[in-house]
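Trainee: I would like a close look at one part of this model, taken slowly. Could you walk me through it in a connected way?

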Amino acid sequence: MVTIEINGRPFEAEPGEMLLQTLRRAGVQVPTLCHLEGLLPSGACRMCVVEIEGQRGLIPSCAYPVTQPTKVRTHSARAVLARRTIVELLVANHPDDCLYCTRNQDCQLQDLVQQLGVRQRRYAGEKSRHIMDMSSPSIVREPSKCVLCGKCVRVCEEVQGVGCIDFIGRGSRSKIGTAFDDGLNVSGCINCGQCVVVCPTGALAERSHIPEVLAALRDPRKRVVVQHAPAVSVTVGEAFGLPVGADVAGAMTGALRRLGFDRVFDTSFTADLTIMEEASELVHRLQNGGRLPMLTSCSPGWIKFVETSYPESIGNLSTCKSPQQMMGAVIKSYFANREQIDPHDIYSVSIMPCTAKKFEAARPEMMRHGVADIDAVLTTRELVQLLHMHGLDLAEVPAENADTPFGERTTAGKLFGASGGVMEAAIRTAHWMVTGRELEAFTVDAVRGMDGVKQASVNVDGLTLNVAVVSGLGNACRLLDQIRDGRSDLHFIEVMTCPGGCVAGGGQPFGADVDAVRRRMQGLYELDRQESVRTSHNNASVKRLYDEFLGQPLSHTSHELLHTHYVPRDALA
Amino acid sequence: MIVVLPETTPEPDLESILAEYPLARRESLIPLLQEVQEHHGYLSRPAIVRIGQHLDLPTSKIYGVATFYNQFRFQPQGRYHVQVCRGTACHVKGSAAVFEAIKRELKIDAGQTSRDRMFSLEVVACIGACGLAPVICINDVFHASVTPQSVIKILDSYRKKAAKHDDQAA
Ligand code: SF4
Ligand code: SF4
Ligand code: SF4
Ligand code: FES
Ligand code: FES
């Protein structure tokens with residue numbers, strides 16, 4: 001331990017840790033723009049500067065390792081003035097679009113202007129006027145609002161292993177763009193939205209589907225149904241002052257009915273259905289010498305990544321559609337039939353923690369006879385906006401139950417929201433399918449938590465099932481490379497595109513707050529601890545769906561509706 | 001990471017240039033780009049993609065680095081390659097106005113090539129002819145003491161030259 005003095009008070013620092021970390025633990029707030037937790041500091045923005053005794057210049061605290069006792073002043077007149085000047089320079093060419101901006105009141109740049117008391121434009125630069133990039137089905141880029149902090153570039157390359165955006169040009173013309181300054185849609189972008197959640201400004205946002213959804217809700221000919229993904233109910237409460245990680249599925253269901261949705265379904269129901277199909281597929285591959293390791297297929301960013309960068313592994317992907325798409329498919333077949341509605345008259349909305357789900361829903365493979373499984377996808381953030389727009393406060397709306405026939409879920413389906421959850425749910429059901437018995441202990445601790453790479457071995461009647469769980473595609477890349485180089489011990493691998501799984505998805509609240517992600521995860525584990533139905537094969541509604549409609553897992557109807565195929569793609573990474 | 005090649009294949013001698021840089025990494029990027037440009041006159045899309053694969057770097061990174069430096073072009077040179085000196089002596093003698101006049105006349109910016117492929121434009125540092133400032137250089141021919149007015153006439157003379165040449169050829 002090193003004792004340092006922070007603003008005149010002693011504090012114990014870990015030797016070698018970055019000063020910024022120490023300051024945060026000490027409860028001292030120093031603003032940052034380019035800092036990203038878990039990655040090497042870039043020192044680009046200098047927002048985090050402090051005065052350190054014995055050092056002449058101001059020092060960026062995010063890139064200063066604490067090694068010896070020293071005195072730090074975080075808010076000296078000089079440090080505060082330096083920060084204010086940086087902000088004044090950043091906004092000198094800013095479009096000042098706050099009133100119409102997606103980030104209005106949730107913008108780091110705006111916060112800094114406010115905190116540092118910038119009240120007039122001392123530096124007038126030429127307004128930055130880069131054209132917007134609306135080419136992507138998931139992400140809208142507005143480079144004129146960019147402050148060139150570089151976080152999107154680093155996340156895309158270092159966390160996701162994609163690297164489809166970078167700084168291009170130089171000097172006053174430099175901006176963030178793709179190879180050849182093309183649209184994001186023709187780049188290697190996998191639509192994950194991790195760049196969006198780390199962006200401090202409105203330079204990156206999701207492609208909103210709110211207008212389409214509102215139009216459908218107002219259209220008397222449409223039956224508008226909605227589903228919500230497992231991670232959403234443990235997240236959306238945050239925007240209404242409820243505890244982080246609290247499950248507000250009931251209030252959210254009530255609110256969605258008040259918004260005018262005809263039916264509210266739970267995507268965790270089709271997560272259970274996915275497990276029935278996927279565990280059957282795994283058992284089938286294991287027993288018939290099928291291609292292994294099997295790779296999960298519910299994360300659409302990951303799917304596009306394999307199609308683009310690892311096409312030789314397409315055969316390892318499970319053919320199961322994602323829970324969102326399975327729900328879409330059974331809504332416009334079984335449900336339409338049961339309710340005597342023409343599938344053309346159903347407008348099917350999903351609420352997802354994810355921007356890539358917008359891309360997935362638009363894939364041509366996700367259509368049958370010209371009817372899309374899913375018509376619109378809203379992110380968690382868009383849901384919050386929609387609720388605000390209609391004066392609905394989740395802290396006030398009484399809880400209601402989801403609708404039959406797709407409203408019942410088990411905690412296994414709910415676990416899909418956290419990295420490792422699909423694996424845990426699949427192990428529970430695969431064990432039952434092979435042995436006819438339930439596991440003695442359902443919880444597989446080794447696959448829980450925030451680690452980017454997790455492994456476990458499970459004994460299924462004498463056979464050892466080796467599994468791995470990775471999240472963040474950089475980790476997936478490394479694992480796929482090992483497999484390409486001959487690693488052969490693994491049978492089944494769960495891959496989630498976003499680090500930590502859907503609870504950290506690209507459609508979740510801005511800021512990529514790791515602590516909040518952990519608590520959302522805990523929220524899901526808590527449900528699994530409290531409730532009694534913890535295995536997908538014990539979901540009574542799923543059983544009924546098989547009895548009345550699908551037959552059994554991997555049946556002809558299942559294949560037609562619930563499975564898909566993938567195509568190698570050309571893209572410039 | 002692996003990137004699937006787009007359909008167009010790069011110029012044949014790109015591979016031989018790459019072969020001179022086996023096991024190349026990030027450090028080799030700039031020299032490699034320079035050499036490719038020297039041979040091809042510019043950096044084509046397929047070449048940029050192929051260089052990315054060779055160095056195991058994302059294409060966006062190659063493009064980002066290449067656009068950082070003024071020396072790289074992304075369009076083939078025109079029939080006449082116009083270099084405008086922006087060195088100090090030329091600047092003092094009014095090269096900025098000359099540059100503006102050329103841009104207006106050709107409707108292109110530095111690094112670009114006119115639609116008819118007749119002219120391409122490049123800004124260069126001092127070309128060692130300060131006594132003749134401001135200087136422009138077209139296909140290695142120097143034009144001294146140019147003005148925003150005279151430069152239009154010069155460009156026109158090249159257009160005429162091209163037309164005449166094409167007539168004779170026909
Ligand atoms: S990015 Fe922030 S500061 Fe800029 S216009 Fe939007 S809200 Fe305002
Ligand atoms: S959405 Fe994901 S892949 Fe696309 S640019 Fe952003 S971080 Fe990169
Ligand atoms: S787009 Fe956002 S994250 Fe990327 S550099 Fe600009 S401000 Fe930073
Ligand atoms: S946050 Fe420290 S330099 Fe940007
Ligand atoms: S400055 Fe133009 S030739 Fe030297």
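Mentor: What follows looks at one strand and its partner, and then turns to the surroundings of two ligands. The model is a predicted one, and strand 11 of chain A, residues 263-266, is a good place to begin. From this strand Arg263(A) and Phe265(A) point one way, while Val264(A) and Asp266(A) point the other way, and all of them are buried. In a regular strand, side chains alternate between the two faces of the sheet. The partner is strand 10 of chain A, residues 223-228, which runs parallel to strand 11 of chain A and is joined to it by 4 bridges. Within this pairing, Val225(A) is the residue that stands opposite Arg263(A). Between the two strands the chain passes through helix 7 of chain A, residues 249-258, and the resulting β-α-β crossover is right-handed.

Elsewhere in chain A are the ligand surroundings. Around ligand 3 the residues include Cys146(A), Cys149(A), Cys152(A) and Cys199(A), with Pro200(A) and Thr201(A) also among them; by class, this shell holds 10 nonpolar and 2 polar residues and no charged ones. Around ligand 2 one finds, among others, Cys156(A), Cys164(A), Cys189(A), Cys192(A) and Cys195(A), together with Ile139(A) and Asn191(A), and the shell there has 9 nonpolar residues, 2 polar residues and no charged residues.

Methods: Residues are numbered from 1 along each chain as its sequence is written. Chains are lettered from A and ligands numbered from 1 in the order in which they are written. This is a predicted model: local features need pLDDT of at least 70, side-chain atom pairs count only at pLDDT 80 or more; totals for chains, interfaces and linings use all residues. Side-chain values use heavy atoms; hydrogens and water are left out. A residue is near a molecule or strand if one of its heavy atoms lies within 4 Å of it. Ala, Val, Leu, Ile, Met, Phe, Trp, Tyr, Cys and Pro count as nonpolar, Asp, Glu, Lys and Arg as charged, and the others, Gly among them, as polar. Buried means under 20% relative accessible area, exposed over 50%, partly exposed in between (1.4 Å probe, protein chains only). Two strands pair if DSSP finds at least two bridges between them. A crossover is right-handed if, with the strands pointing away from the viewer, the path from the first strand over the helix to the second runs clockwise.
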